[in-house]
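Reader: I've got a new model open on my screen. Can you walk me through the main features?
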Amino acid sequence: MRYYHSWSGGKDSTAAVILDHIHNLPPSTIVFSEVMFDKQRNISGELPEHIDFVKNKAIPVFMKWGYDVKIVQADKDYLDCFHSIICKSSTPERIGKKHGFPLGGRCIVNRDVKSKAMCNFFKTVNEDFIQYVGIAADEIKCLERLNGTNKISLLAEYGYTEQMAYDLCREYDLLSPIYNFTKRNGCWFCPNQSYAEMAHLKKYYPHLWRELEKLSQENNLVTQGFKYGATFAEVNAKVAKIITEKEVE
């Protein structure tokens, strides 16, 4: 039997690795699926401070502890998904248009990039294996979905809630810096981000925000919606207001 951590760099999956280390469980491999925005230009879809934490802080610690760490990427990136043409649809006028920005709650980037890379990796494993996933003991509904699968939550096994996972990561100095301004771990282009998170992106990484602005000006998009129906221009105006108000405080 082989063991693998599906690791995102977030508090829950990181706490799972720490628990593995503390309890000296059987040797396991840590697998990180990096979402790429543009593979050709080597632009990651992970927030800059998060991917720096993953590659330059957490992974060296895990390797020092004796773990094998693999970073996997899908063949596709965000731009491939954005520019992909809709070939089939129950709504005829959608056919022939670009998918455009991913929809909140139905993100094709998560399906075709992040999850796809992990699925492709596990297809190469030619023996039985257990997959450790970062689900806390107080995420009851998520834990119920693990029934009948080869996935195990070490946080649930050892009774760690989300808050306890956060505290454990902080104790080991393995808490991603994203938690300084958000409670979630996601891509910088994600429509599920709060407006405050988007304001952080525009203020500190304006070059990435400009990437999204350029895409909003593309033609032949199936919709101009960027965040739950709101256009990029509408979101941009709201984000700019948040930044201004914070600077005035």
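Author: Sure. Keep in mind that this is a predicted model. Start with the open sheet: 5 strands, paired in parallel, in the order β5-β2-β1-β6-β7.

Reader: Which strands stand at the edges?
Author: β5 (68–72) and β7 (151–152). Each has a single partner strand, so one side of each is left without a neighbour in the sheet.

Reader: How many bridges join β6 and β7?
Author: Strand β6 (residues 129–132) pairs with β7 over 2 bridges, in the parallel sense. Tyr132 stands opposite Ile152 of β7.

Reader: And what does α1 touch on the sheet?
Author: α1 packs against β1, β2 (29–33) and β6. The direction of α1 makes about 145° with that of β1.

Reader: Which strands does α4 lie across?
Author: β1, β2, β5 and β6. α4 runs at about 145° to β2.

Reader: Switching to pockets. What volume does the largest pocket have?
Author: About 1,400 Å³. Its lining takes in 44 residues. Nearest the centre are Ser8, Asn110, Lys114, Gly134 and Asn185.

Reader: Which element gives the most to that lining?
Author: α4, with 7 residues. β1 (2–7), α1 (11–22), α4 (108–123) and α7 (162–171) each supply at least two.

Reader: How do the lining residues of the largest pocket divide?
Author: There are 18 nonpolar, 15 polar and 11 charged residues.

Reader: OK. What about the second largest pocket, what is its volume?
Author: About 250 Å³. It is lined by 13 residues, and Arg94, His99, Leu103, Arg106 and Ile108 are the closest to its centre.

Reader: And how does that second lining divide?
Author: Into 7 nonpolar, 3 polar and 3 charged residues.

Reader: New topic. Where is Val235 found?
Author: In helix α10, which covers residues 232–248.

Reader: Is Val235 buried or exposed?
Author: Buried. Its relative accessible area is 0%, and buried means under 20%, so Val235 qualifies.

Reader: What does Val235 touch, leaving out residues up to four places away in sequence?
Author: Tyr195, Met198, Trp209, Phe226, Lys227 and Ala230.

Reader: How many residues apart in sequence are Val235 and Tyr195?
Author: They are 40 residues apart in sequence. In space, the C-alpha to C-alpha distance between Val235 and Tyr195 is 7.8 Å.

Notes: Residues are numbered from 1 along each chain as its sequence is written. This is a predicted model: local features need pLDDT of at least 70, side-chain atom pairs count only at pLDDT 80 or more; totals for chains, interfaces and linings use all residues. Side-chain values use heavy atoms; hydrogens and water are left out. On a 1 Å grid over the protein atoms alone, a cavity is a set of points where a 1.4 Å probe fits but cannot get out, and a pocket is an open set with protein on both sides within 12 Å along at least five of seven lines; lining residues have an atom within 4 Å of a point. Grid points are joined across faces, edges and corners, and a volume is the space filled by probe spheres set on the points. Helices (H or I, at least four residues) and strands (E, at least two) are DSSP runs, numbered from the N terminus. Ala, Val, Leu, Ile, Met, Phe, Trp, Tyr, Cys and Pro count as nonpolar, Asp, Glu, Lys and Arg as charged, and the others, Gly among them, as polar. Two strands pair if DSSP finds at least two bridges between them. Contact means heavy atoms within 4.5 Å. Axes are lines fitted to C-alpha atoms, for helices over the stretch in contact, and angles run from 0 to 180 degrees between N-to-C directions. Buried means under 20% relative accessible area, exposed over 50%, partly exposed in between (1.4 Å probe, protein chains only).
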